[in-house]
Structures are given as structure tokens and as C-alpha cells.
Amino acid sequence: MVSYKDLGLVNTREMFAKAIKGGYAIPAFNFNNMEQMQAIISACVETSSPVILQVSSGARKYANQTLLRYMAQGAVEYAKELGKNIPIVLHLDHGNSFELCKSCIDMGFSSVMIDGSSLPYEENVALTKQVVDYAHQFDVTVEGELGVLAGVEDEVASEHSHYTDPADVEDFVKKTGVDSLAISIGTSHGANKFKPEQCTRNAEGILVPPPLRFDILKEIEERIPGFPIVLHGSSSVPQEYVKIINTHGGALKDAVGIPEEQLREAAKSAVCKINIDSDGRLAMTAAVRKIFVENPAEFDPRKYLGPARDELKKLYMHKCENVLGSAGKAE
């Protein structure tokens, strides 16, 4: 067994407490490879932001669990090399079984999510508690989920969503002992978060999604005051990236995300972790497609992955500084 503390990582407990008190949210950026990790760490060092390196089950299979462990340790050392020892969490995103969560804990993850939201309520409680009981032996923090997000991203898929019922949250937190709770208030997975008929169009003809259900968030905060809340599916799907992709051979239709001003409002509440994955995929894909069209003879991966990494860094810095409010909070 590998302890995350030996890798230089931290869990989310103190990080979330500071975020709630300070009215900001910690960025949880998904990564699959070296370039994404480099972009995340360099952006968060430059903005002096704490960060959660987030790994899905699919990403873990793609990157290899042993390599991931050393990449996380490398991220800690890379941050120091860049001049700042920022707090870094290695987190399992959407763990769907006790066995997967246990394996991640044993391999050096400092935080895990157990997603039993698609199960009947009592089964979700039982599974979440089983993970919590194991994780807390090693001071690993656990995120649970109530409510289901629609959309498709990696291995997470649901055709229909349903909002979190505020009446359930107090009982769930008490029975499971979770450290944070992911809720459903209108965010969604993937780059096509909403169907066109769910949206309106502004004067420029751009799709505008329905607003987040801040009334549900407010009631949840009243029922479990000061408890760390998590938002999944919170990419904003920047239309400039969609345009670059589509004008350079792509075919993204009706891609729409969560407006950044709504995420900034959420970050001022008990929402202290906001997950962003699709925006990074879009930024990277836009940069790579542009290079391939403009330089069709290029075949050196460094020449297209390097610019993709630079675009990712720019995006992540923007999120920390202008959306989540986490810039300067690693001091």
C-alpha cells in the first residue's frame, strides 16, 4: 500500500474548509496524460491556486495506475520546481464500486468519489458508508453523490437527470459520514449539456441554457450548513473553441455549457469544488485541429501537443482567476 502523504499530496478537508470560509471553489481538473498535468500544475502555480487532480475510472485505465501514482508525485515536485508548494489532491472521479475506491486508496489517492446516485437511496447510503469506513482509516476524504446528472462524459452516462432532493441530504451525510456531497442543480456532463429545445437563443443566435437551480442549493445549505458541496458537469463550453474545432474539420453541433457567471455565483456559496473536464478537452482539441489544418505536414507530437498544453494552461488560469476565485488562495 502507498500512502498519499508519502507522495506529498493532501486530502480535501482543510482545503474545503478554507474555500467555504473564503467564498471560492477549488478547481477539480480532469487529466489523462502528461501535457494536461503540466498545464494544470503550471497554471495553478502561476495563479497560486490549490488544485484537485481528478482521474476518472477510464483515465486510470488509459494512463495506468502505477504511472498515475508517479505522475501525481511528479506534479508535487514540478510545482516546487516552478517555485510554489501548492496544495495538490489526487482524486478519483465517479468511482462506481467499493473495489475501485479501495484500489485507488491503496495506490496513493488522497480523495475518492463513490457515486451511488443511480442506486436506490438505501443502497447508495450503504455503499457510500462502506467506502467512507475504509477511506477514513487512512485519512482519505470521500465525496458522495445525491441526484443524477444527465449527459455523457468518459464512462459516466445518463439520459435523464433528476435534481437532488434537499430533504435527503441531512440523513445521507449523517448516515454515511462523507466529507463532501456532489449535488444536481442543473449542471450536466459532456460538451452537449442541454438539448436545443431546453435552451433559448440570444441576439447572436447562441444557445443559452436554463439557469442553475440556486433555490435547491440554498435549501441544501440551510439543511447542512457549512458542509462542502460539489458541482459536477460544470464546463462552460467556450464557443471560441467550438468555432475553431468546427472550422478546422470538426463537427460539434449545439455544444453548450454552464455560463461562467453562474459558476462564480455558486463558488461564493458552500460549493467548494467545481469539476471541469470538457472545457479542457475542447481547448486541447481546438489547438491540435488548428495546427493540423495549418501545418498538414507536421508529425512531431511536440509541435501539436505543446501548443495544446499552452492553450490548456491559459484556460485553467482563466478559471482560477475569473470563475472559481481560487487564485491567490494557496498562499
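## A walk from the core to the helix pairs

Start in the middle: the largest nonpolar core in this predicted model has 91 residues. Select Phe31, Ile41, Leu53, Ile88, Val112, Leu181 and Ile229, the residues with the most contacts inside that core. Next, colour helix α12, residues 301-323, which gives the most to this core, with 8 residues. Another core lies apart from it, with 9 residues, and you can find it by selecting Phe16, Ile52, Val89 and Cys272, which are among its members. As a general background, nonpolar side chains in soluble globular proteins tend to be buried together.

**Stop 1: the barrel**

Switch to a cartoon view and pick out the strands. Which strands close into a barrel, and in what order? There are 8 of them, running β1-β2-β3-β4-β5-β8-β11-β12, with parallel pairing. On average, neighbouring strands of this sheet are turned by 25° against each other, direction ignored.

Now zoom in on two of these strands. Strand β11 covers residues 229-231 and strand β12 covers residues 271-276; they pair in the parallel sense over 3 bridges. Select Leu231 and you will see Ile274 of β12 standing opposite.

While you are here, click on Ile229, one of the core residues you selected at the start. Beyond its neighbours within four places in sequence, Ile229 is in contact with Leu181, Ile183, Leu217, Ile220, Ile224, Ala270, Val271, Cys272 and Lys273.

For a look at a helix against the strands, select α5, residues 98-106. Helix α5 lies across β3 (88-95) and β4 (111-114), and runs at about 175° to β4.

**Stop 2: the cysteines**

Show the cysteine sulfurs. How many disulfides does a search of the whole structure find? The search finds 0. Cys44 has its closest cysteine sulfur in Cys320, but the two sulfurs are 4.1 Å apart, too far for a bond, because a disulfide needs them within 2.5 Å. Cys44 counts as buried, at 0% relative accessibility.

Move on to Cys272, which is in no disulfide either; the nearest cysteine sulfur, again that of Cys320, is 15 Å away. Cys272 is also buried, with a relative accessible area of 0%.

**Stop 3: helices α2 and α4**

Select residues 34-47 for helix α2 and residues 65-81 for helix α4. Their axes come within 10 Å and cross at roughly 35°, and the crossing is right-handed. Turn on side chains to see who meets whom: Met34, Met37, Gln38, Ile41, Ser42 and Val45 in α2 meet Met71, Ala75, Tyr78 and Ala79 in α4. You have come across Ile41 before, among the core residues with the most contacts.

**Stop 4: helices α6 and α7**

Now go to helix α6 (residues 121-135) and helix α7 (residues 166-176), which pack at an angle of about 35° with their axes 9 Å apart. This crossing, too, is right-handed. On the α6 side, select Tyr121, Glu122, Asn124, Val125, Thr128, Lys129 and Val132; they meet Asp168, Asp171, Phe172, Lys175 and Thr176 in α7.

**Last stop: Arg223**

Finish in helix α8, residues 214-223, where Arg223 has its place. Is Arg223 buried, exposed or partly exposed? Arg223 is partly exposed, with a relative accessible area of 33%. Draw a distance to Pro166: the two residues are 57 apart along the chain, yet their C-alpha atoms are separated by 7.4 Å. Leaving aside its neighbours within four places in sequence, Arg223 is in contact with Pro166, Ala167, Val169 and Glu170.

How values were computed:
Residues numbered from 1 in each chain as written. Predicted model: local features only at pLDDT ≥ 70, side-chain atom pairs only at ≥ 80, totals over all residues. Heavy atoms only, no water. Core = buried A, V, L, I, M, F, W, Y, C linked by side-chain atoms within 4.5 Å. Buried < 20%, exposed > 50% of the residue type's maximum accessible area, 1.4 Å probe, protein only. Helix = DSSP H or I, 4+ residues; strand = E, 2+ residues; numbered from the N terminus. Contact = heavy atoms within 4.5 Å. Pairing = 2+ DSSP bridges. Axes fitted to C-alpha atoms, helices over the stretch in contact; angles between N-to-C directions. Left-handed = near helix turned anticlockwise from the far one by under 90°.
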